[in-house]
Amino acid sequence: MPEDKKVDIVGRGNVEGANLFRDWFAELGEAARNNQGAAYVFVMGSMAEILKVFDFPLVLPEITSLQTAVRRVADEYLTIAEDYGYSPDICGYVKADIGIHLRERKHPMGAIPKPALTVLTNACNTYVKWAEIWERMYNIPVFVLDVPATRQAGKQFLVGSSDFTRDCKYVEAQIRELIALCENITGKKFDIDRLRETMAYANDMNIGWARVLELNKSRPSLFNALTDGTVYLGVSNNFRGTKEGSAFFKNLVEEMEYKAEHGIGTQTDEKYRLAFVGVPCYPIFRRFNEMFAEWGGAFVHSTYLHFASGGANLGFEYDVNRPIESLAEGTLISVREAMDNMFHQDRVLIDMVRDYELDGVIYHPIKSCRTVSTGLADGRRAMMAATDTPSLFIESDMMDKRVVSEAQMKNRADAFFEGLASRRLTAAKTA
Amino acid sequence: MTLRLFDKWQDQSLDGIIAECRELVEDADFPTVKRWREAGGKVLGHFQVYFPEEIAHAAGILPLKMRGAPVECMHSDSHFGSYLCSIIKTSLELALSKKVELDLFVTHPICDAARNLAAVWGRNFEYPCQILYLPQNANSAASSTYLREEYKRVQADIEAITGKKVTEAALNNSLAVFNENRRLLRQLYELKRKQPWLLSVYEAYVLMNVGGMIQREEHNEMLKAVIPLIEARPVKRHDKIRVVFEGGFCEQPPLDLIRAISQSCYVVDDDLLIGLRWILEDVSLEGDPLFNLAEAYLEKSSYSPVQHDSRKPKEKMLLQRIADSDAEAAIITAAKMCEPGLEEQVAYTKALDKKGIPYFVSEFEESMTSFDHMEIQLETFTENILFG
């Protein structure tokens, strides 16, 4: 590879990711102008593989909502929803989205097309309530793809077991029903070869994502799991099953392998390797990371990169020779994985501490999301008992600035690092 | 039935029976469960909203509805963060403080907080803690078959605990017992609907609630004795408005709040402990009992914010409930921090606005002890309708 080309690789993922994100919004704006109905979907089980066969533009409202917080205008949308009657205590993503719809789908980044249908899994129960809101607003079909996940900790149904096969049959039956629904809405016949194509691209993305996450075991870590990771996650979700998404992840793997080979880390002088647990604090996204980076804290991994990718971290490869059966299997395994990373995050973290050589775990439970946050306090106890790894537990929100106290978070973070430094000193003396 | 878990109601007047039921409902030591355990019985704790108790019953294990309690969360508080409903904390408290000892715990995917409970409980107890994955796609042609297999799976887990195989005959027997229970509860509710002066919502509530912590045969016996007493009650009708109460499907309002509401108006229908009345008709005793039970959950059931079914849009179902019970208004509540309840409140109020049906909106928490403010507001609301 020519020298100048090599230099261009570093940071390429972030640049390409940002460009793709703008392209996605441009596509949505075009769909809105043409009055084309979109498929409203969610990050945990978007079923993009099927929906792309029918050429639906995909709107991911978790992403359009979080962008209002990143752009520091979420409070306007939250207020609109609360004035309409929604409680301050429900999910901020939902409320911001309601605000967008009540503003006729005008988003800070452009116009959003109205929905023709919504497809969701049960990975988050709030998805269901959210979809019901659109159902009322737009009189559209709501398709809930039930994915029965892990019943009991440590007792996942193994692939090939009768329990797994049974669950898979249920998912497959529903996928066929989804296909029939899409044919009905679009008037297009289902093209199985196009499904093979979208699944092949999704394979590239799954494999790529798993590889990129694995590469971050490097010392120093190659990307910031919180800030950079969110960019990559955006592409993983918004471009799932597309040529662009496939190319992005191939490029990203190339970039990370290059960085690993040359020992190129992030801009943080990595002193402490951390995992982030929960959903990012979008209202103060950059500043949150800085509170840790200032101390040399580098986020090398995050459960967010697992569950918010819909379980793509497993790197599941579809068998395109039996596409629908394999899609059912992959959906079951991946969406189950996403749920395990939320409910049984203690087990995931015990492995992460070891594999990524973590110095600490940062828990960020949020008011808006009970799916992710309910089990964190208890999970933390289990994680600490099993690994003796220091952790910090700071509550705020992913959308609502009213429950984000930057000063308090900073104090807590500072105290945490002082503790880490002291622990390291003691360990050095003992050694 | 050789073992009686709850016999204090026997030979009592109607008011005496209601008082005993209230006492049992409020007793956070769950004496009926203790009595069962002392006799060598095993206990399956099931979280809200609905659990197919017939399967537990057929296996000889006592199904105990975990619906929170008026307890201080001395142990469970540190297991949860903020911004969460109370019922998940108090239910865990009952187990951590050993007020209730279980052999199996089952939760359901009713909401995002409840779905975490299998993991939370599983980290704190040795006995199996699991999710029974009731379908959220009630509209799939495959759902009944799926659910039948899921019931079979839970049955196998229960059998592993009891060491006893569940036969089809035992299941059908249990279906018959629970069919009778639901018939009796429907009778109770019909009385409340047609002649609400004979039975207040608070009284109906305590009579119903005890069913979740005793053997169903006992509950049937009690209800059969109580219903004629209610019918013969020498109580005059008062000038109160007829309302539907909505929002009691999971975390329960404090008893004193329910009592306060019943003093202001006639609650002619409600969704309090709807899981005990989820199935609306008898489950068939012909054919495969597990399939029949699964099908009944999907096809012959009530509605709730925690179940998605495109045939049962919640606001439409609420309007139907209001019409069927000849109610004039609605009390629309939600437990604090209850995501599905709080979201549904908006759909309900918008639908009621469209129909011009008056409503009163509120939130509650199971541990509330003071309702003066709410009582005054409710009184004003009901008077406005009566005299407006």
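**View 1. The largest cavity: a closed space in the protein.** A cavity is a set of grid points where a 1.4 Å probe fits but cannot get out. Everything in these views comes from a predicted model. Rolling a probe the size of a water molecule over the atoms shows where empty space is left. How many cavities of 30 Å³ or more does the structure hold? There are 12 of them, and the largest takes in about 150 Å³ of space. Look for 16 residues lining this largest cavity. Nearest its centre you'll find A:Gly45, A:Ser46, A:Glu49, A:Arg240 and A:Gly310. Helices α3 (48-51) and α14 (323-343) of chain A each chip in with at least two lining residues. The largest share is from α14(A), with 5 residues. Sorted by class, the lining has 6 nonpolar, 8 polar and 2 charged residues.

**View 2. The largest pocket, with chain A helices in its lining.** Now for the largest pocket, which has a volume of about 770 Å³. Its lining runs to 48 residues, and the ones nearest the centre are A:Ile63, A:Leu66, A:Gln67, A:Thr230 and A:Tyr282. Several elements of chain A give two or more residues to this lining, among them α2 (12-33), α4 (61-70), α6 (92-102) and α12 (285-293). Which helix gives the most? That's α10(A), with 8 residues. What is the lining made of, class by class? Count 30 nonpolar residues, 10 polar ones and 8 charged ones.

**View 3. Helix α7 of chain A, mostly covered.** Helix α7 (125-138) of chain A is another of the elements giving two or more residues to the lining of the largest pocket. α7(A) has 14 residues, and from its first C-alpha to its last it reaches 20 Å, close to the 20 Å expected at 1.5 Å a residue. Of those 14 residues, 10 are buried. The buried ones include A:Tyr127, A:Trp130 and A:Trp134, and also A:Lys129 and A:Glu132, so don't assume that a charged side chain has to be exposed. Right after the helix comes A:Asn139, with a positive phi near 55°.

**View 4. Helix α1 of chain B and what covers it.** Here's a helix you can check with a ruler. α1(B) covers residues 14-26, which makes 13 residues, and at 1.5 Å a residue they should span 18 Å; the C-alpha atoms at its ends are 18 Å apart, so the two agree. Its buried residues are B:Leu14, B:Gly16, B:Ile17, B:Ile18, B:Glu20, B:Cys21, B:Arg22, B:Leu24 and B:Val25. What covers them? The cover includes α2 (31-38), α9 (201-209), α10 (216-231) and α11 (255-264) of chain B.

**View 5. B:Phe30, tucked away in a loop.** Just past that helix, B:Phe30 lies in the loop between α1 and α2 of chain B. Is B:Phe30 buried or exposed? Its relative accessible area is 3%, so B:Phe30 is buried. Skip the neighbours within four places in sequence, and B:Phe30 is in contact with B:Leu64, B:Arg67, B:Leu94, B:Val100 and B:Met213. Check B:Ile214 too: B:Phe30 and B:Ile214 are 184 residues apart in sequence, yet their C-alpha atoms are 9.8 Å apart in space.

**View 6. Salt bridges in chain B.** Side chains of opposite charge can pair when their charged atoms come close. Over all chains the count comes to 72 salt bridges. One of them joins B:Glu23 and B:Lys8, with the closest N and O atoms 3.9 Å apart. B:Glu23 sits in helix α1 of chain B and B:Lys8 in the segment before α1, so this pair ties together parts that are 15 residues apart in sequence. Both partners are partly exposed: B:Glu23 has 47% relative accessibility, and B:Lys8 has 49%.

Next, B:Lys99 pairs with B:Asp29, the closest N and O atoms being 3.3 Å apart. This pair links distant parts of the chain, 70 residues apart: B:Lys99 is in the loop between α4 (86-96) and β3 (104-107), and B:Asp29 is in the loop between α1 and α2. B:Lys99 is partly exposed at 27%, and B:Asp29 is partly exposed at 38%.

Finally, B:Asp270 and B:Arg277 meet in a salt bridge of 3.2 Å, N to O. Are these two buried or exposed? Both B:Asp270 and B:Arg277 are buried.

**View 7. A salt-bridge network with members from chains A and B.** Salt bridges that share partners join A:Arg151, A:Asp163, A:Arg166, A:Asp167, B:Glu150, B:Arg153 and B:Asp157 into one network.

Terms used
Residues are numbered from 1 along each chain as its sequence is written. Chains are lettered from A and ligands numbered from 1 in the order in which they are written. This is a predicted model: local features need pLDDT of at least 70, side-chain atom pairs count only at pLDDT 80 or more; totals for chains, interfaces and linings use all residues. Side-chain values use heavy atoms; hydrogens and water are left out. Helices (H or I, at least four residues) and strands (E, at least two) are DSSP runs, numbered from the N terminus. The expected span of a helix is 1.5 Å times one less than its number of residues. Buried means under 20% relative accessible area, exposed over 50%, partly exposed in between (1.4 Å probe, protein chains only). Contact means heavy atoms within 4.5 Å. On a 1 Å grid over the protein atoms alone, a cavity is a set of points where a 1.4 Å probe fits but cannot get out, and a pocket is an open set with protein on both sides within 12 Å along at least five of seven lines; lining residues have an atom within 4 Å of a point. Grid points are joined across faces, edges and corners, and a volume is the space filled by probe spheres set on the points. A salt bridge is a side-chain nitrogen of Lys or Arg within 4 Å of a carboxyl oxygen of Asp or Glu.
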